[in-house]
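Biologist: I should like a close look at a single part of this protein, set against the whole. Please take the helices as the main subject.

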Amino acid sequence: MAAANEHTVLQFATPSSTTSILTARIHPLVIFNVCDCFVRRPDSAERVIGTLLGSILPDGTVDIRNSYAVPHNESSDQVAVDIDYHHNMLASHLKVNPKEIIVGWYSTGLGVNGGSALIHDFYAREVTNPIHLTVDTGFTNGEGAIKAFVSSNLSLGDRQLAAQFQEVPVDLRMVEAERVGYDVLKATAVDKLPNDMEGMELTMERLLGLVNDVYKYVDSVVEGQTPPDNNIGRFIAEAVASLPKLPPQVFDNLVNDSLQDQLLLLYLSSITRTQLSLAEKLNTAAQML
């Protein structure tokens, strides 16, 4: 007969390392890889999954720097992951960069679903407390929602019932060139992709706007309208000191030379494509004869 003070307790079994994860820092290359894999997915696949590679920083931040897709089949009641492919790809990546480790996995879509818990359980056997990254490749409402989750177990006594996903902050940092590509990727309808000159023009306009903002801030501080900040002052001084001191004529010559080199590369690539097209047609004609 059970004692009167014994109770069955519903509890969360959270891994000790979960509390140490502060932020998931994502490099833009990962987002571009996920979108590319989604575009190349099989016709029957509704979403794609893959492995996230990176490192864990001393402050608990998960630095996600690379990824690769993993083939899988998913239905309403079961999920099959190509484990051999996953291990072969991991071995190849470790040969190139042995410092990168598995930090989690990604999936496309707005959030987690029934199969996410099964896939997360597989990656939990590969690494302790993996990150689950979701990328909205449909760009709902014009925004590609990017979220990161960690999992904790919901148990009843000694019996595990389910896994609960808890969202963690996401830090997505981009330089200006990467942000231009990401903004084009987010657009639901694009007339054409910007060429090199148009991309350079947009970048220079953005740079000019930032320089004007710095001018306004410095003038405001000098006139006493804005309180000075030593950290911002040192940052501006370092940025100015990093610029090479070149006469205007030398700078113009460098830009013109770089432009001519780019035009030459475009011309050579056009000739190469034409030559390959002619060779393919000649080969086809020779086979027909």
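Among contacts in the protein between residues at least 6 apart in sequence, what percentage join residues at least 24 apart? With that settled, please describe how α2 and α3 pack.

Modeller: The model is a predicted one. Among contacts between residues at least 6 apart in sequence, 62% join residues at least 24 apart. The secondary structure comprises seven helices and 11 strands, and of the 289 residues in the protein, 25% are buried.

I turn now to the pair in question. Helix α2 spans residues 83-96 and helix α3 spans residues 114-126; they pack at an angle of about 40°, and their axes lie 13 Å apart. That angle makes α2 oblique to α3, since the oblique class takes in whatever is not roughly parallel, antiparallel or perpendicular, and roughly parallel requires an angle under 35 degrees. The crossing in which α2 passes α3 is right-handed. On the α2 side, the residues that meet α3 are I83, H86 and H87, and their counterparts in α3 are F122, Y123 and E126.

The burial pattern of α3 adds to this picture. Its buried residues are G115, S116, I119, H120, F122 and Y123. Viewed down the axis of α3, these buried residues fall within an arc of 155°, and therefore line one face of the helix. F122 and Y123 thus appear both in the list of buried residues and among the residues of α3 that meet α2. On the other side of α3, G114 and R125 are exposed.

Helix α1 may be set beside α3. It covers residues 28-39, which is 12 residues, and reaches 17 Å from its first C-alpha to its last, close to the 16 Å expected at 1.5 Å a residue. P28, V30, I31, V34, C35 and F38 are the buried residues of α1. Seen down the axis of α1, they fall within an arc of 160°, so they too line one face of their helix.

A loop residue completes the account. T61 lies in the loop between β3 (49-56) and β4 (62-70). With a relative accessibility of 5%, T61 counts as buried, because the cut-off for burial is under 20%. Apart from its neighbours within four places in sequence, T61 is in contact with T23, R25, S55 and I56.

Definitions and conventions:
Residues numbered from 1 in each chain as written. Predicted model: local features only at pLDDT ≥ 70, side-chain atom pairs only at ≥ 80, totals over all residues. Heavy atoms only, no water. Helix = DSSP H or I, 4+ residues; strand = E, 2+ residues; numbered from the N terminus. Expected span 1.5 Å × (residues − 1). Buried < 20%, exposed > 50% of the residue type's maximum accessible area, 1.4 Å probe, protein only. Arc of directions from axis to C-beta. Axes fitted to C-alpha atoms, helices over the stretch in contact; angles between N-to-C directions. Parallel < 35°, antiparallel > 145°, perpendicular 65-115°, else oblique. Left-handed = near helix turned anticlockwise from the far one by under 90°. Contact = heavy atoms within 4.5 Å.
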